[in-house]
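Trainee: I am new to this structure and would like a close look at one part of it. Could you walk me through a group of packed helices, step by step?

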Amino acid sequence: MAEKKEHKIIQSEAAKTASTKGVAAQQIAQSTVGLRIGSVVLWIVALVAEFLAIKASFVPSPAEDEEAVLFMGMAPFTALIVFLVIDLICVIAGSLLWKKANHIHPASEKNALTFWLWNNLGVIMAAIAFIPFIILLLTNKNADQKTKTVGTIVAVVAMLIAGFSSYDYNPYSAEEQQEILKMEEATATVFWTEGGKVFHIYEDCQHLNKSEELHQTTTQEAEEAGKERLCKTCLKRHEKEAVEAPATEEPAAVEESTEAEEQEVEESVEE
Ligand SMILES: [Zn+2]
């Protein structure tokens, strides 16, 4: 291995004050308590609406000579539809807040079942918010045929809409967030040379051994200076160190690079 040169580092102003406030770091610092409370409150309102829709379905239809009975100022069938719609809106709104909170403070994916349940609590809520209504309506001997048919169709469609919009199609995990955070921390400031095309995470990267003068800047500044991408050797080393205990900061990975790897990255060696 070529002898190492002491680097003369030219640090940019932005690099001196560079914070690691990347997306993941900001997420971790953010509170999701408000979002979680908001979604639980909306789901409770949804269940109350379901309860009222059930009550409306149990209002007995009037006999021939009787006046129609109102439920909360509405014809029972109208009330039933109105409360199902409120139910639907509240389930979806609650699920959207819940999903938003999960994408700020994600759950760990170590246990696949709890990870799925936590991410898709909205789907479960959609089931709870409509299935009891459907069962009670279908088994209600006093409800007329029109109420049963239309009420069931409306509730099933509402449940499907609520279920599909509550499902998290892109679940985010605590592990993914940690990976992003580590990458953000590692690339808060990077090293590069005047003549090179790439930027490096590590000052002692083997491709920087022959360089006398290094620039230390933010990643954005490196890109503005025409450095196209992150050095592959640095990336491999970072990934390796991220997997291992974060305590091992010694550049052991450099020595372990194989000949093949060195040739592969030959074009990125900088003088
Ligand atoms: Zn490198």
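**A walk through the packed helices**

Mentor: Happy to. Let us begin with helix α3, residues 33-57: its 25 residues reach 36 Å from the first C-alpha to the last, close to the 36 Å expected at 1.5 Å a residue. Please keep in mind that this is a predicted model.

Now look at which parts of α3 are covered. Its buried residues are Leu 35, Ser 39, Leu 42, Trp 43, Ala 46, Ala 49, Glu 50, Ala 53, Ala 56 and Ser 57. As you read along that list, a general point helps: an α-helix has 3.6 residues a turn, so residues three or four places apart point the same way. What do the buried residues of α3 pack against? They pack against α4, α6 and α7, and those helices are our next stop.

A word on how to describe them: for two packed helices, one gives the angle between their axes and the distance between the axes. Take α4 (residues 76-102) and α6 (residues 121-138) to begin with. Their angle is about 165°, and their axes are 9 Å apart. Angles over 145 degrees count as roughly antiparallel, and α4 and α6 are therefore roughly antiparallel to each other. Their crossing is right-handed. On the α4 side, the contact is made by Asp 87, Val 91, Gly 94, Ser 95, Trp 98 and Lys 99, and on the α6 side by Leu 121, Gly 122, Met 125, Ala 126 and Ala 129. Sorted by class, this contact of α4 with α6 has six nonpolar, three polar and two charged residues.

Next, follow α6 to its other partner here, helix α7 (residues 145-166). The angle between α6 and α7 is about 170°, with the axes 8 Å apart, which means that α6 is roughly antiparallel to α7. Among the α6 residues that meet α7 are Gly 122, Met 125, Ala 126, Ala 129, Phe 130 and Phe 133. On the α7 side, the residues they meet include Lys 148, Gly 151, Ala 155, Ala 158, Met 159 and Ala 162. The contact of α6 with α7 divides into 15 nonpolar, five polar and one charged residues.

Phe 130 is a good residue to pause on, and you will find it in helix α6. Phe 130 counts as buried because it has 26 C-beta neighbours inside 10 Å. Leaving aside its neighbours within four places in sequence, Phe 130 is in contact with Ala 155, Ala 158 and Met 159. You can also compare Phe 130 with Val 154: they are 24 residues apart in sequence, and their C-alpha atoms are 9.9 Å apart in space.

The remaining pair in this group is α4 with α7. Here the angle is about 10° and the axes are 9 Å apart, so α4 is roughly parallel to α7. The α4 residues in this contact include Phe 77, Leu 80, Ile 81, Leu 84 and Leu 88, and among those they meet in α7 are Thr 147, Gly 151, Val 154, Ala 155 and Ala 158. By class, the contact of α4 with α7 has twelve nonpolar, five polar and one charged residues.

Leu 80, in helix α4, brings us back to where we started. Is Leu 80 buried or exposed? Leu 80 is buried, because 28 other C-beta atoms lie within 10 Å. Not counting residues up to four places away in sequence, Leu 80 touches Ala 53, Ala 56, Ser 57 and Gly 151. You met Ala 53, Ala 56 and Ser 57 earlier, among the buried residues of α3. Leu 80 and Ala 155 are 75 residues apart in sequence, yet 10.0 Å apart in space, C-alpha to C-alpha.

For contrast, step into the loop between α3 and α4, where Met 72 lies. Met 72 counts as exposed because it has 12 C-beta neighbours inside 10 Å. Most residues other than glycine have a negative phi, but the phi of Met 72 is near 50°, a positive value.

Finally, step back to the whole chain. It has twelve helices and five strands, and 31% of its 271 residues count as buried. Among contacts between residues at least 6 apart in sequence, 79% join residues at least 24 apart.

Conventions: Residues numbered from 1 in each chain as written. Predicted model: local features only at pLDDT ≥ 70, side-chain atom pairs only at ≥ 80, totals over all residues. Axes fitted to C-alpha atoms, helices over the stretch in contact; angles between N-to-C directions. Helix = DSSP H or I, 4+ residues; strand = E, 2+ residues; numbered from the N terminus. Parallel < 35°, antiparallel > 145°, perpendicular 65-115°, else oblique. Left-handed = near helix turned anticlockwise from the far one by under 90°. Contact = placed C-beta atoms within 7 Å. Nonpolar A, V, L, I, M, F, W, Y, C, P; charged D, E, K, R; others polar. Buried ≥ 20, exposed ≤ 12 C-beta atoms within 10 Å, placed from the backbone. Expected span 1.5 Å × (residues − 1).
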